[in-house]
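Subject: Structure for your review

Dear colleague,

Please find below the structure I promised to hand over, together with its sequence. My notes on the backbone follow it.

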Amino acid sequence: MAETGPYLLREVLESKGWVPFVEGETPYWNLSWKGSRYRKSEYEQCQPFQRLNHFPNTAIITRKVSDHGLDSLFRLLRTLKGIYGSVYDYFPLTFTVPGEFIRFVRLYAEEENNGNKSIWICKPADLSRGRGIFVFRELHELTYDCNAVVQRYIPNPLLISGYKFDMRCYVLVRSYQPLTVYLYEDGLARFATSRYDTSTLKNKFSHLTNTSINKFSPTLDANKDDVGPGCKWQFSRLRAYFEQRNLDFHKVWEKIKGMVILTFLPIAHQITVHSEGCFELYGFDILIDESMKAWLLEVNLSPALSVDAQIDILVKKPLLEDIISLVGISEEDASKALKHAQASEHCSTRQPTAEDAGYPFPSSVGKFTRVFPVPSLAKYAGRHELPRVGEPLMKQVVTDIKKIYFTH
Ligand code: ADP
């Protein structure tokens with residue numbers, strides 16, 4: 001990993017006895033961790049005792065906008081909603097601008113004529129951490145000088161003491177073939193630092209929940225009723241708060257599981273990397289509304305592992321420890337690597353299959369729970385390749401997922 005790589009990861013690895021790889025000095029390596037993706041050749045050359053923290057070709061779900069085809073999350077989900085119906089209705093209605101400006105204006109005018117004008121949020125395509133985002137109601141307020149998305153604003157978020165929050169959920173894909181996805185039990189609820197108020201759409205501290213924005217709020221350290229000081233909670237605190245108020249956390253969590261599976265299923269067959277060595281951590285940003293519907297706002301590639309506050313250490317350090325356990329680099333791998341470095345032998349990579357005696361990946365590790373495959377969906381996971389969009393079997397999987405995760 002680069003010197004500038006996540007400090008917390010370096011700390012976790014060093015505490016477990018790992019040593020940094022230095023080109024030309026250290027004979028071999030087991031884990032490579034980068035913020036950006038790898039080159040094709042790096043995937044191809046990955047050995048069974050080595051791990052890379054990305055997969056090739058998964059940008060489709062982590063991009064806000066792309067100009068062609070289905071290659072951005074909202075386009076993919078919009079298409080899937082067209083095919084499979086409301087089960088895929090967990091992403092706010094989205095347009096790209098300038099490409100779909102006319103389409104957006106048509107809908108805007110229709111709503112205006114019907115007297116039910118929505119609130120909209122505009123997000124520049126190439127920025128993250130809340131930069132350049134604004135919320136608006138009037139068409140003339142929409143200005144942009146780069147590709148952006150205009151999305152229907154969720155106007156009725158569930159509030160805690162009047163403050164908006166979203167959930168940063170950590171999802172780890174251990175393998176795309178067979179698709180193997182884990183959801184981390186812990187995470188961060190991230191709060192806005194001004195009370196939610198739709199009469200002042202310009203107040204970023206009221207409408208955006210990014211920590212990178214709210215850490216500059218004058219009320220960050222103030223005691224904000226039930227929220228308290230700061231702008232983050234661990235999920236354990238959110239869970240306890242829900243229980244006190246008779247809000248069903250379990251039900252929301254089940255929906256999140258369903259959304260995670262529905263998002264990865266249609267793209268899994270495209271990721272054809274024949275290596276056990278890849279894994280990827282994603283950050284799913286989820287907003288819950290007053291009716292307890294969970295909305296997916298974004299899937300982040302390389303979610304932040306930086307530390308702004310003590311709570312980041314409490315969540316992210318065990319997360320990284322569990323990732324290292326889950327990706328399974330054992331002493332045996334290290335010695336294989338050493339042998340490889342000494343003899344320069346080429347070990348053949350093995351593609352795990354669900355038919356292996358016993359599934360090749362555990363059902364849980366630390367706070368990671370495998371959400372796909374699970375016994376209730378095992379009949380689909382047993383295939384070498386998952387059903388593809390458009391195949392009758394895909395319809396059946398989606399129906400089963402709906403039954404299991406969305407109807408209670
Ligand atoms: P970024 O990549 O810049 O963080 P996000 O899509 O995560 O962009 O949006 C930033 C924040 O804006 C979210 O954390 C959330 O608080 C708010 N937000 C984004 N989209 C919506 C929406 N459709 N409805 C309500 N709030 C939203």
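Please keep in mind that this is a predicted model. The notes begin with Ser161, which is placed in the loop between β7 (159–160) and β8. Although Ser161 is not a glycine, its phi is positive, at about 50 degrees. The relative accessibility of Ser161 is 19%, and the limit for a buried residue is under 20%, so Ser161 counts as buried.

A second residue with this feature is Asn246, found in the loop that runs between α7 (235–244) and α8 (249–268). Asn246 is likewise not a glycine, yet it has a positive phi of about 60 degrees. Its surroundings may be described by accessibility: Asn246 has a relative accessibility of 73% and therefore counts as exposed. In short, Ser161 is buried, whereas Asn246 is exposed.

I also wish to draw your attention to two peptide bonds that precede proline residues. The bond from Gln177 to Pro178 is cis, and its omega is near 0 degrees. Pro178 sits in the loop between β8 (163–176) and β9 (179–191). β8 thus borders two of the loops described here, that of Ser161 and that of Pro178.

The other cis peptide bond to report leads from Phe372 to Pro373, with omega near -5 degrees. Pro373 belongs to the loop between β14 (368–372) and α11 (378–381).

When you open the model, these positions may be inspected in turn.

With kind regards

Notes
Residues are numbered from 1 along each chain as its sequence is written. This is a predicted model: local features need pLDDT of at least 70, side-chain atom pairs count only at pLDDT 80 or more; totals for chains, interfaces and linings use all residues. Side-chain values use heavy atoms; hydrogens and water are left out. Helices (H or I, at least four residues) and strands (E, at least two) are DSSP runs, numbered from the N terminus. Buried means under 20% relative accessible area, exposed over 50%, partly exposed in between (1.4 Å probe, protein chains only).
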